[in-house]
Amino acid sequence: MYTVPHFINGKRVATPGKQLDIYNPAEGKVAGHVAVADANTLNQVVDAAKQAFTSWSALSPLRRSRFLFRYKTLLEEHINELAGLITQEHGKTLSDAQGSIQRGIDVVEFACGIVHRLQGNYMENVATDIDSYSLRQPLGVCAGITPFNFPAMIPLWMFPIAIACGNTFILKPSEKDPSCAVRLAELCMEAGVPAGVVNVVQGDRDVVEGILHHPDIKAVSFVGSTPVAEHIFHTATAQLKRVQAFGGAKNHCIVMPDVDLDQVADTIVGAAYGSAGERCMAISVVLAVGDALADALIARMQPKIKELKIGPGDQPHIEMGPLVTQQHLEKVKSYVDLGVKEGAKLVIDGRDYQPSQHKHGFYMGGCLFDHVKPGMQIYREEIFGPVLSIVRVPDFDTALQYINEHEYGNGTAIFTGSGEVARNFASRVQVGMVGVNIPIPVPMAYFSFGGWKRSIFADIHMHGAEGVQFYTKLKTVTQRWPKGSFTAGFTIPTMG
Ligand code: NAD
């Protein structure tokens, strides 16, 4: 049994009082506990981050980047250790955990080159003998509140860019798998980043409320479910903080009749059931164009779904691990019960699957529904588990209409052999991240990540150029070095 502490001002900090259980989902047992910050601990961490901001923001961007170069190398050296922590508490396979950390390292790599992005503009003689320049300056203490499903990648979307821009950071990771966050912060210190620049505060909704109301926290980045994202957005903007809050998803992919179905079936199974469907970019709905295509696609996917290798994520050859908690497992299974009641055809029922050696782990098998209709709750709501719905549509236009009418707009994809159809889709679809013959179109670090509609409560996406925009504010200086004397002016100045 272990206890996960906070990480404040360069040190692990244990606090007495309330703690929460952490499960090992592969075995279904409590494996450890995580500390819960009270108001004093939150004040302590904000003070540390505020103090560190003065000297950190004054360092040249180039010197800050040099710490990030070292951090990138350390993350690469520790990728197996970090993946082990993720698998132990989240349940996903080690290879999937490693892949997700690599996507986070990509953001650190982008942050190493931040100097280029922090350059402003300069113009001589905007008026006679007057010059103007713009610059981007850091905000101060920023906070990140992250979900359980990517314990390394999502924090790494946030704090490397925040600190490269000169801010200091407080991370509040998910209480379900909090160990990785502490190591991420600790490795940052090992890379030479000064104490107080990256901190971790543990807890659940109470500490989040504290963050949202703390006057010294200037910006909040949030990733999690839509109801919480919406709450975070309204609460923190009312406190005049800068906020980006990302919510849930229901990612559709269209399959057109002109594709190589064997290949597409394989790809969809990976994108729907990888990480047990606990990905905000997982495909959860297939819009199959035409009955013949739907039948052929299901025939190809069925054996693959039934033969998924399910078990503890740390064992070799496992393709799908357990779900994160018993509570989440029951919620996902209850959606399958609901789908049956709503009249969808349950082609594969994985509800009772349990690996024989792991009787208490939070496992289920892959489930596949056919004949799902847009009015059904299993179509409208995010399930966040290994459950895929097939919706049969007569043509491309109907498929596009369904996607555009859905309340979520995180990711989507189309499988087609036609450039014309693909281009039409990419242009008209009302979704933030679009794949063409790519099932999970997560943008690379130097592009920006973010959905549309109720998958986002923000104007600015994460990482890439938009990440720099979020973590900096723009200042424009207009200057004159007069040779003569000033005269009083009582009308608005005009240039020229
Ligand atoms: P969650 O909303 O339950 O929790 C996210 C964070 O908010 C956690 O740190 C948690 O402690 C905190 N929290 C939970 N309830 C709260 C409340 N009532 N008030 C204040 N804070 C609260 O999400 P989760 O279950 O950890 O993660 C899964 C969800 O995240 C899914 O909906 C998934 O689609 C979404 N997600 C979205 C993206 C994206 O980029 N859009 C990426 C990953 C995950």
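This report walks through how the ligand sits in a predicted model.

## Ground rules

Local features need pLDDT of at least 70 and side-chain atom pairs need 80 or more, while totals for chains, interfaces and linings use all residues. Numbering runs from 1 along each chain as its sequence is written, and side-chain values use heavy atoms, with hydrogens and water left out.

## Who surrounds the ligand

The shell around the ligand holds 27 residues, counting any with a heavy atom within 4 Å. K172, E175, S225, G247 and E382 are the closest.

Domain 1 (2-247 + 455-477) and domain 2 (251-436) both chip in residues, so the ligand lies between them; the bounds come from an automatic or database domain assignment.

## Polar contacts and burial

Now for the polar contacts (here, N or O atom pairs within 3.5 Å). On the side-chain front, a polar atom of K172 is 2.7 Å from a ligand oxygen, and an N or O atom of E175 is 2.6 Å from a ligand oxygen. G224 uses a backbone N or O atom, 3.2 Å from an oxygen of the ligand.

The protein buries 89% of the 840 Å² that the ligand exposes when taken alone (Shrake-Rupley accessible area, 1.4 Å probe).

How values were computed: Polar contact = N/O pair within 3.5 Å; in protein donor to acceptor, adjacent residues only side chain to side chain.
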